[in-house]
Amino acid sequence: MYKSLVSKNVAALMLNPDIESEKADEVLHGMVVEVEKEEKNGWYLVKTHYGYYGYIHRDDVLQDSKIAEDWKHNEYVIWKMIADVMAEPKYASYTLQTLVRGCRVKYTGEFSDKWEKIGLADGSFGWIRKGFARIIKKYSAEEREESVRESIVGTALEYLGCQYRWGGKSPLGIDCSGLSSMAYMLNGIIIPRDAGLQEKYLKPIEREAAKPGDLFFFPGHVALCIGNGRYVHSTSKEGYVVINSFNHGSEEYREDLEKELRNTGTIF
């Protein structure tokens, strides 16, 4: 086993080592994966830093354990939904790469007017607008629970309108468990990737006890509570991230999901 660094903006993790396989997940630029097995056709079986397995193509990673080790604890991420990385600190330049929210980049501490210099996985450097990236906050035990919940909900709501994508976890397309896991991950909290695994991982509570940031579980689906009986989720029914509600009479009410609710969970 050895570590590799994801060099592509958004790289697919497949269930099987085949381009036509069902997608299991996505990994983002700057994430470190552990290669467990090399297939003959250019695919690697890898394990992500959040414990998820899938097959990634060798073209999407840098096969350099030294570089990957250097990036292992890097938690400086693109925060804007989409960020063009420019060759120079000006728009009248050329784009080196386009990154999405959650992509990890190297902090350099170098700024030029409204621009910030960042390092990319391939060792090159480019410029993004100042404020487009930030460090993932680590919440201490002393942090107020309410502020952590508020931050998780705020992160999830920023994905409103993003299209639904099976196995997706970026603003280019995201699925239900991709939304919930990213809302937590971008706030320094790791939960499992799949809805079924999230349901087993979280502590069960009554629906009436749910607070913002808790999760509602349905057959093959998960939604994030935003309070007052409302929740945000990425749903294939509408085809994008929306807000729905358990409140009868509300325009946001979805009777089918209220009937299918089977569990509510919390990490708090």
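**Strand β19 and its neighbours**

In this predicted model, L215 sits across from L224 of β19.

Colleague: Happy to start there! Which strand does β18 pair with, and in what sense?

Modeller: Strand β18 covers residues 215-218, and L215 stands opposite L224 in β19. Four bridges link β18 with its partner. That partner is β19, and the sense is antiparallel.

Colleague: Nice. Which residue takes a positive phi in the hairpin of β18 and β19?

Modeller: Two residues lie between these strands. One residue of the hairpin has a positive phi near 70°. That residue is G220.

Colleague: And on to β20: which residue there stands opposite C225?

Modeller: Strand β20 spans residues 230-235 and runs antiparallel to β19, with three bridges joining them. The two form a hairpin with two residues between them, where N228 in the turn has a positive phi of about 55°. Across from C225, in β20, is Y231.

Colleague: How many residues of β19 are buried?

Modeller: Strand β19 takes in residues 221-227 and is mostly covered. C225 is buried, because its relative accessible area of 2% falls under the 20% cut-off. For the strand, the count of buried residues is seven of seven.

Colleague: Good to know! How many disulfides are there?

Modeller: A disulfide needs two cysteine sulfur atoms within 2.5 Å. For C162, the nearest cysteine sulfur is that of C103, 14 Å away. For C225, the nearest is that of C176, 16 Å away. The count of disulfides is zero.

Methods. Residues numbered from 1 in each chain as written. Predicted model: local features only at pLDDT ≥ 70, side-chain atom pairs only at ≥ 80, totals over all residues. Heavy atoms only, no water. Buried < 20%, exposed > 50% of the residue type's maximum accessible area, 1.4 Å probe, protein only. Pairing = 2+ DSSP bridges.
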